[in-house]
Amino acid sequence: MIDSRILVGLVAMLIALSSVVYVGINEADRQAEFKRAFAGRQVETGASLFGEFCAPCHSIKGEGIPGRAPALNTAEFFGNRTKELGYQGSIESYIKLTVASGRPAQSTSGPWAENMPTWSVDYGGPMRNDQIDAVTAYVMSWGNKFEEGVEFEAAPLDCDTSEECGELLFQSMGCVGCHMINGEGGGVGPDLTNVYTEKGEDHIRQSILLPNAVIADGYQPDVMPKNFGERLTDQNIDEIIAYFASVSR
Ligand code: HEC
Ligand code: HEC
């Protein structure tokens, strides 16, 4: 027979435990509630920041202004922009990064009158990081109405293998005008015959998307067009890389 003192002890312990569990559950509720309220306030703050700082170029609902800044409130932007750029992160991180650091490098290539400014205090801009988070949350709130993963087809190329498609792109996009491969092509930019073996895939991808990030020895910046990121899909860039790999020794 169990000693009644042990029983009382056990019961007391159970009661104590259950109240700990109860507080725990309640705390989780309270935190979820707090998070919801915080997210709501954050989007509101973001909306007013957007009206003040971003609307002059992107317009108040983010539809963009021709010649000034691109639309952000579109299915294309939410479904396809990061893929188009070959950017590996989420659309949210892309927005945050672009807002924080701006686009100081794309000034001359785009159809835009002025650059996307740099906003984060970390880069000498006027916004604190919690404000960047808020404005990002506001832009992200537009994305909810678009379906995830909308696909946009690249223009079809008449080719079968990736290497073949890459070779066609190399010609049709005008790369061949500036770059030589196996003795054919222009000499404005470096010979790319062995670029795959010598510098690797990541370097090639970066050179196409951000030509000024690293300048090849002995060459000038601002010569290679900076808008291939807008004209080539991620798949196109893979195909060009496959072509480089196939000719490289
Ligand atoms: C002076 C005009 C101007 C202001 C103000 C401005 N932008 Fe931009 N923004 C641009 C331009 C121009 C581009 C395109 C840059 C490029 O692609 O080279 C751009 C690009 C972007 C992009 C990337 C779009 C894409 O398709 O890749 C995002 C996101 C963005 N802006 C968000 C913002 C936010 C948020 C604010 C306010 C904090 C803001 N912008 C304020 C001009 C502006
Ligand atoms: C108007 C001339 C021009 C065109 C067109 C051009 N490039 Fe370039 N490219 C250059 C110049 C100049 C450099 C060297 C400066 C630099 O690194 O940005 C370069 C650098 C590169 C590099 C880095 C080479 C290295 O050794 O680091 C790659 C890869 C490249 N281009 C690929 C391409 C591809 C692919 C295309 C077509 C989609 C293309 N380029 C179109 C001029 C051009």
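A residue counts as partly exposed when the number of other C-beta atoms within 10 Å of its own falls between the limits for exposed (12 or fewer) and buried (20 or more). Keep that in mind for the first stop, and remember throughout that this is a predicted model.

**Stop 1: Arg103**

Select Arg103, which sits in the loop between α3 and α4. Is Arg103 buried, exposed or partly exposed? It has 14 C-beta neighbours inside 10 Å, so it counts as partly exposed. Now show its contacts: beyond the neighbours within four places in sequence, Arg103 touches Thr98, Asn115 and Met116. Draw a distance to Thr118 as well; the two C-alpha atoms are 7.0 Å apart, with their positions 15 residues apart along the chain.

**Stop 2: the whole protein**

Zoom out and colour by secondary structure. You should find 9 helices and 2 strands, arranged along the sequence as α-α-α-α-α-α-β-β-α-α-α. If you colour by burial, 20% of the 249 residues count as buried. For a contact map, look at pairs with a separation of 6 or more: 56% of those contacts join residues 24 or more positions apart.

**Stop 3: the loop after α1**

Go to Ser59, in the loop between α1 (4-58) and α2. Its phi is near 70°, a positive value in a residue that is not glycine. Most residues other than glycine have a negative phi. Ser59 has 16 C-beta neighbours inside 10 Å and therefore counts as partly exposed.

**Stop 4: helix α3 and the loop that follows**

Next select residues 91-101, helix α3, and highlight its buried residues Ile91, Ile95, Lys96 and Val99. Look down the axis: these residues span an arc of only 140°, so they lie on the same side of α3. Add α2 (75-85) and α4 (129-143) to the view, and you have the helices that the buried residues of α3 pack against.

Step just past the end of α3 to Gly102, where phi is positive at about 70°. Further along the loop between α3 and α4 is Gly124. Is Gly124 buried or exposed? Its count is 9 C-beta neighbours inside 10 Å, so Gly124 is exposed. A C-alpha to C-alpha distance from Gly124 to Ser101 reads 9.1 Å, for two residues 23 apart in sequence.

**Stop 5: where α5 meets α9**

Two packed helices are described by the angle between their axes and the distance between the axes. Show α5 (residues 162-172) with α9 (residues 234-247): the angle is about 100° and the axes are 7 Å apart. The two helices are therefore roughly perpendicular to each other. The contact divides into 6 nonpolar, 4 polar and 4 charged residues.

To see the contact, display Ser162, Glu163, Cys165, Gly166, Glu167, Leu169 and Phe170 from α5, then Asn236, Asp238, Glu239, Ile240, Ala242, Tyr243 and Ser246 from α9.

Which residues of α5 are buried? They are Cys165, Gly166, Glu167, Leu169 and Phe170, and they pack against α6 as well as α9. After α5 comes Gly174, with a positive phi near 85°.

**Stop 6: the turn between the strands**

Move to Asn182, in the loop between β1 (180-181) and β2 (184-185). Here is another residue other than glycine with a positive phi, near 50°. Asn182 has 9 C-beta neighbours inside 10 Å, so it counts as exposed.

**Stop 7: the surroundings of ligand 2**

Centre on ligand 2 and select the 25 residues around it; those that come nearest are Cys175, Cys178, Gly189, Tyr219 and Met224. Coloured by class, this shell shows 19 nonpolar, 5 polar and 1 charged residues.

Which helices each supply at least two residues of the shell? They are α6 (175-178) and α7 (195-209). The largest share, 5 residues, comes from α7.

**Last stop: Asp217**

Finish in the loop between α7 and α8 (228-231), where you will find Asp217. With 6 C-beta neighbours inside 10 Å, Asp217 counts as exposed. For a closing distance, pick Pro190: its C-alpha is 8.9 Å from that of Asp217, though the two are 27 residues apart along the chain.

How values were computed
Residues are numbered from 1 along each chain as its sequence is written. Chains are lettered from A and ligands numbered from 1 in the order in which they are written. This is a predicted model: local features need pLDDT of at least 70, side-chain atom pairs count only at pLDDT 80 or more; totals for chains, interfaces and linings use all residues. A residue is near a molecule or strand if its C-beta atom, placed from the backbone, lies within 6 Å of it. Helices (H or I, at least four residues) and strands (E, at least two) are DSSP runs, numbered from the N terminus. Ala, Val, Leu, Ile, Met, Phe, Trp, Tyr, Cys and Pro count as nonpolar, Asp, Glu, Lys and Arg as charged, and the others, Gly among them, as polar. Two residues are in contact if their C-beta atoms, placed from the backbone, lie within 7 Å. Axes are lines fitted to C-alpha atoms, for helices over the stretch in contact, and angles run from 0 to 180 degrees between N-to-C directions. Angles under 35 degrees count as roughly parallel, over 145 as roughly antiparallel, 65 to 115 as roughly perpendicular and the rest as oblique. The arc is that of the directions from the helix axis to the C-beta atoms.
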